[in-house]
Structure formats: C-alpha cells, structure tokens
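Hi,

Here is the structure I promised to pass on. Have a look, and my notes follow underneath.

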Amino acid sequence: MRRAILAAGFLAICGNAALAADILSPRAPDGFASMRSVYNWTGLYVGANVGGGWTNTSSEFNFAGGAPFASANNSLNGVLGGVQLGYNWQSGQAVFGFETDFQFAGMRGSIDAPPCPAAVCGVATSASYSQKMPWFGTVRARLGYASDTWMIYGTGGFAYARLDTDASASAGGVSATLSRSETRTGWTVGGGIELAFSRNWTAKMEYLYADFGSRDGSWLFAGVPALNDRIRVYDNLVRAGLNYRF
C-alpha cells in the first residue's frame, strides 16, 4: 500500500513538472513554423522596385556613308523605379517562372563627337548631342533554386526602351539640329536572390544586363553629304524589390 501511494505521488510530481516545463518553454509562432515547413513559391505575385542604371551608348561616325572617321562613348546614369508582375511554379527545389516589369528611369548624359577635319571629310564637321532614357521594360523567364524561404535565380528574355536624342551638327559652315525619339528592342540577362519573410511577402535583389543593339542616324545639310552615326545602346541595372504573393 505504501509503495502504491509513493508511486502515485511520484507520477503526480513528474506530471506537474512536465506541464510547467511545457508552459515555460518558448515556442516559435505557429504561422512562422508553418511557413518554414510548408513554404512553396508557386503562385502569382505583384511588386515594386527601385534602383540605379548605367546606360552606355557607343557611336561610330562616318561622312556620306564612308569609312568611320571617329568613335565616342556616352554614359547615361540615373535612378529608376517601377513595378513587376510574375508567376512561379515549384517542383522540388526547382522554381520556374515568368516576370514582366516596367520602369521609369532618369538616366541621361551628353557628349561631343570628335570633329572630322576637312583634310579627311572634305569639309570640317562637328556634332554634339544629349540623350536620355525615360523608361524601359522587360519580359523574362526565371529559373531558380529554392531552399526553405530563400531562392537564387537566373533570368533572361526580351527588353525594350525609349531613347530620346537631341543633337546639333555642323559641316562646311552649315548647321543642323535633330530631335529623335525611338523605341529600342533587344535582350536582357541577369540574376538575383529572393527571400520570403512571411507567407505573402518577399524581398529581392537583382542585376540585369540589357542590350538594345545598333541603329543608324544621320544629319542632312544643304549642299553637303550627310553626316551619319551608328549608335549601340546597352544597360547595367541593379535594383531591390518587394513582392506580394497571392
């Protein structure tokens, strides 16, 4: 009988101690533990971003369609910001997705073209112009590797941009001005890292290189052959973004 009473008392003490330990021991919030154990990147998301861009234009100048007599590089720097929309599918640790974005940009710069002496071009020529890229956008595929609540990814696809040019040139004492707005198309490639800090919110850091190819432009002067330039445009972009997942 005494042994039964002692055993019952021992069990009661152990039970109370276990209950107290359970009450005092800290626990992760249920939502956070659930997010880490079942988090999946599949789904639609929308977000915004901000960053900086370094656009370069590389020009080659020729007179009347002849061989290039000079080349010059212009740098367009500034801030950018915009919005993105995308969708992910996750299979195991692989994540496949598509994303489109549109950016407003403040990238601008100016340049003076190297002059062509009369001994080379027949008449002395000079040119100067300012350029700006007010907006651009991309449509890209994404391929990522996910582990828990973070993902690294590569991305690439189609890019488009507006390039505005205001220029002046002279040849043989005759001057001309040009204002041109054109939509450039090209390709882009890059990569980034994205982190989920709740079930619905993620943050990312991303780098993109975009190449918008080369196009020809010209200035026409009365009685003087045209002064031509071939301009190639390419970008380096770094941006941070915030996404909301539905």
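Which backbone oxygen does the side chain of R184 reach at 3.0 Å? That of G213, and the R184 side chain also gets to the backbone oxygen of I231, at 3.2 Å. I'm calling these polar contacts (N or O atom pairs within 3.5 Å; within protein, one able to donate a hydrogen and the other to accept it, with sequence-adjacent residues counting only if both atoms are side-chain atoms).

Before the rest, the small print. It's a predicted model, where local features need pLDDT of at least 70 and side-chain atom pairs 80 or more, while totals for chains, interfaces and linings use all residues. Numbering runs from 1 along each chain as its sequence is written, and side-chain values use heavy atoms, leaving out hydrogens and water.

Back to R184: it sits in strand β6 (residues 174–196), strands being DSSP runs of E, at least two residues, numbered from the N terminus. R184 counts as buried because its relative accessibility is 1% (buried is under 20%, exposed over 50%, partly exposed in between, with a 1.4 Å probe and protein chains only). Leaving aside residues up to four places away in sequence, R184 touches several others, including Y160, F212 and R232 (heavy atoms within 4.5 Å).

The other thing to look at is on the surface. L44, V46, L85, Y87, W89, F96, F98, L143 and F246 make a nonpolar patch of about 900 Å². Patch members have over 30% relative accessible area and no salt bridge (Lys or Arg side-chain nitrogen within 4 Å of an Asp or Glu carboxyl oxygen), and nonpolar side chains are joined within 5 Å; areas are Shrake-Rupley, 1.4 Å probe. Strand β2 gives the largest share, 3 residues. W89 lies in β2 and is partly exposed, at 43%.

Cheers

Notes
Helices (H or I, at least four residues) and strands (E, at least two) are DSSP runs, numbered from the N terminus. Patches are made of residues with over 30% relative accessible area and no salt bridge: like charges are joined within 9 Å, nonpolar side chains (Val, Leu, Ile, Met, Phe, Trp, Tyr) within 5 Å.
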